[in-house]
Every structure is written in C-alpha cells, then in structure tokens.
Amino acid sequence: MIRINHPAAASSSCCSTTAPSPEIADTGRQNLLAVAGEEAAICPVMGGTAKKESAEVAGLYRDFEGNRYWFCCAGCGPAFDADPAKYAA
C-alpha cells in the first residue's frame, strides 16, 4: 500500500470542500481533471466541482422541484436522494 504523507496531497480530492493547496496550484501544472469547454457546477452535497456534461453522461445528477443538480462523484447522488430539500436549499 502506498501512503501519501505530503500535506498538500491530503488537502484536496474530488469531493473536497477545501480549495486546492497553493503548493500544488502554484506549480504551473496542468489540471488533468478539467474538461475544456464544459460548463461547471458546484456539487450541492460535497461542494466539489461537477462538469455538467460529464456528470449527465455518468448519471451524476438529479432533478428536484424544477431544478437540475449535478454531483462531483457517485456518492453524492444517494446522499441527495435521502434529503433533497436539505441540499437544494
């Protein structure tokens, strides 16, 4: 098993509510998770970035009371389903 002990690596993930670490963001590296040309949305469950087109293809969205909500990962859909009013507020 590989463990990452670098504090910058531990501070961000696809479902993180924290901003990327400046140690990583300021290196000039290309963000390989960004999808050019796709409109982004904020996941209502975890606060991560959801790329709308990719999320729809993967089924990572829900419609609730006339609005569409996109999710950053597969775990957010069931959480939203459990209490949509909480996350839609």
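**Salt bridges, a nonpolar core and model confidence**

In this predicted model, Arg68 and Glu56 form a salt bridge in which the closest N and O atoms lie 3.3 Å apart. This pair links distant parts of the chain, with Arg68 in strand β4 and Glu56 in helix α3, 12 residues apart. Arg68 is partly exposed, as its relative accessible area is 31%, and Glu56 is also classed as partly exposed, at 33%. Arg68 has a further salt bridge with Asp63, where the closest N and O atoms are 2.7 Å apart. Asp63 counts as partly exposed because its relative accessibility is 49%. Through shared partners, these salt bridges join Glu56, Asp63 and Arg68 into one network.

The count for the model comes to four salt bridges. One of them brings together the side chains of Lys52 and Glu39, at 3.0 Å from N to O. Lys52 belongs to helix α3 (residues 52–58) and Glu39 to the loop between α2 (22–25) and β1 (40–42), so the pair ties together parts that are 13 residues apart in sequence. The two partners differ in their surroundings: Lys52 is buried, with a relative accessible area of 18%, whereas Glu39 is exposed at 54%.

Attention now turns to the interior. The largest nonpolar core has 15 residues, and those with the most contacts inside it are Cys43, Val45, Phe71, Cys76 and Phe80. Both β4 and α4 contribute to this core, each with at least two residues.

Phe71 is a good place to start looking at the core on screen. This residue sits in the loop between β4 (67–70) and α4 (76–82). Because its relative accessibility is 1%, Phe71 counts as buried. Leaving aside residues up to four places away in sequence, Phe71 touches Cys43, Pro44, Val45, Ala50, Ala55, Leu60, Tyr61, Arg62, Cys76, Gly77 and Phe80. For one of these partners, Leu60, the C-alpha atom is 5.2 Å from that of Phe71, although 11 residues separate the two along the chain.

The cysteines deserve a careful look as well. Cys76 is buried, with a relative accessibility of 1%, and Cys72 is buried too, at 14%. How far is the sulfur of Cys76 from the closest cysteine sulfur? The distance is 3.6 Å, to Cys43, which is too far for a bond; a disulfide would need the two sulfur atoms within 2.5 Å. The count for the model comes to zero disulfides.

Confidence varies along the chain and is worth keeping in view. The mean pLDDT of the protein chain is 75, and 58% of its residues reach 70 or more. Among the elements, strand β3 (residues 61–64) has the highest mean pLDDT, at 97, and helix α1 (residues 7–10) the lowest, at 40. Over residues 1–13 the pLDDT stays under 50, and the model has 11 contacts beyond four places in sequence for this stretch. Residues 16–25 also have pLDDT below 50, with 15 contacts in the model beyond near neighbours in sequence. Where pLDDT is low, the predicted coordinates should not be read in detail.

Conventions. Residues are numbered from 1 along each chain as its sequence is written. This is a predicted model: local features need pLDDT of at least 70, side-chain atom pairs count only at pLDDT 80 or more; totals for chains, interfaces and linings use all residues. Side-chain values use heavy atoms; hydrogens and water are left out. Helices (H or I, at least four residues) and strands (E, at least two) are DSSP runs, numbered from the N terminus. Buried means under 20% relative accessible area, exposed over 50%, partly exposed in between (1.4 Å probe, protein chains only). Contact means heavy atoms within 4.5 Å. pLDDT is the predictor's confidence in each residue, from 0 to 100. A nonpolar core is a set of buried Ala, Val, Leu, Ile, Met, Phe, Trp, Tyr and Cys residues joined through side-chain atoms within 4.5 Å.
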